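Student: I am new to this structure and should like to study a single part of it closely. Would you please take one helix, together with its surroundings, and explain how it is placed in the chain?

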Amino acid sequence: VHEDHYNCGWGAQLASYIAENEIFLLDAPICRIATPDVPIPFSPPLESEVIPSIDRISEAGKKLAEL
């Protein structure tokens, strides 16, 4: 989970490194939760819509637990 962009953010680089070097050590697939590839809005209500929220994080956790 990070507030950087989904593509070209540091989480994408980290996921790429893990997929290339440590894939056989994982118990589940890599799941990234990040900001969509849009500019971060200045308006606080709009900003809260694009940055990762507790709901998005918990939904992703539930999906991983179902695997």
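Tutor: From the N terminus on, the elements of the protein chain run α-α-α; the chain has three helices and zero strands. The model is a predicted one. Taken along the principal axes, the C-alpha atoms fill a box of roughly 40 × 25 × 10 Å. Of the 67 residues in the protein chain, 16% are buried. The part chosen here is helix α1, which covers residues 10–21.

Let us begin with the length of the helix. Helix α1 has twelve residues, and at 1.5 Å a residue these should span 16 Å. The C-alpha atoms at its two ends are 17 Å apart, which agrees with that expectation.

Next comes the question of which residues of the helix are covered. In α1, the residues Gly 11, Ala 12 and Ala 15 are buried. Seen down the helix axis, the buried residues of α1 fall within an arc of 100 degrees, so they line one face of the helix. A general property of helices is helpful here: an α-helix has 3.6 residues a turn, so residues three or four places apart point the same way. The face of α1 turned away from the buried side carries Trp 10, Gln 13 and Glu 20, which are exposed.

Ala 15 deserves individual attention. This residue belongs to helix α1, and its relative accessibility is 13%; because buried means under 20%, Ala 15 counts as buried. Ala 15 and Ile 30 are 15 residues apart in sequence, while their C-alpha atoms are 6.7 Å apart in space.

Ala 15 and Ile 30 also appear together in the lining of the largest pocket. From helix α1 and elsewhere, that lining consists of Val 1, His 2, Trp 10, Gly 11, Leu 14, Ala 15, Ile 18, Ile 30, Cys 31, Arg 32 and Ile 33. By character, the lining residues divide into eight nonpolar, two polar and one charged. The space in this pocket amounts to about 170 Å³. Trp 10, one of the exposed residues on the face of α1 turned away from its buried side, is among the lining residues as well.

We may now turn to the segment before α1. Glu 3 is found there. With a relative accessibility of 57%, Glu 3 counts as exposed, because the cut-off for exposed is over 50%. Glu 3 and Ile 40 are 37 residues apart along the chain, and their C-alpha atoms are separated by 9.6 Å.

Cys 8 lies in the segment before α1 too. Its phi angle is near 70 degrees, a positive value in a residue other than glycine. Cys 8 is exposed, with a relative accessible area of 80%.

The cysteines remain to be considered. The structure holds zero disulfides. Cys 8 is in no disulfide, and the nearest cysteine sulfur, that of Cys 31, is 18 Å away. Since a disulfide requires sulfur atoms within 2.5 Å, Cys 31 is likewise in no disulfide, its nearest cysteine sulfur being that of Cys 8 at 18 Å. Cys 31 is partly exposed, with a relative accessible area of 39%, and it is one of the residues that line the largest pocket.

Notes
Residues numbered from 1 in each chain as written. Predicted model: local features only at pLDDT ≥ 70, side-chain atom pairs only at ≥ 80, totals over all residues. Heavy atoms only, no water. 1 Å grid on protein atoms, 1.4 Å probe; cavity = no way out; pocket = protein on both sides within 12 Å on 5 of 7 lines; lining within 4 Å. Points joined across faces, edges and corners; volume = space filled by probe spheres on them. Nonpolar A, V, L, I, M, F, W, Y, C, P; charged D, E, K, R; others polar. Helix = DSSP H or I, 4+ residues; strand = E, 2+ residues; numbered from the N terminus. Expected span 1.5 Å × (residues − 1). Buried < 20%, exposed > 50% of the residue type's maximum accessible area, 1.4 Å probe, protein only. Arc of directions from axis to C-beta.
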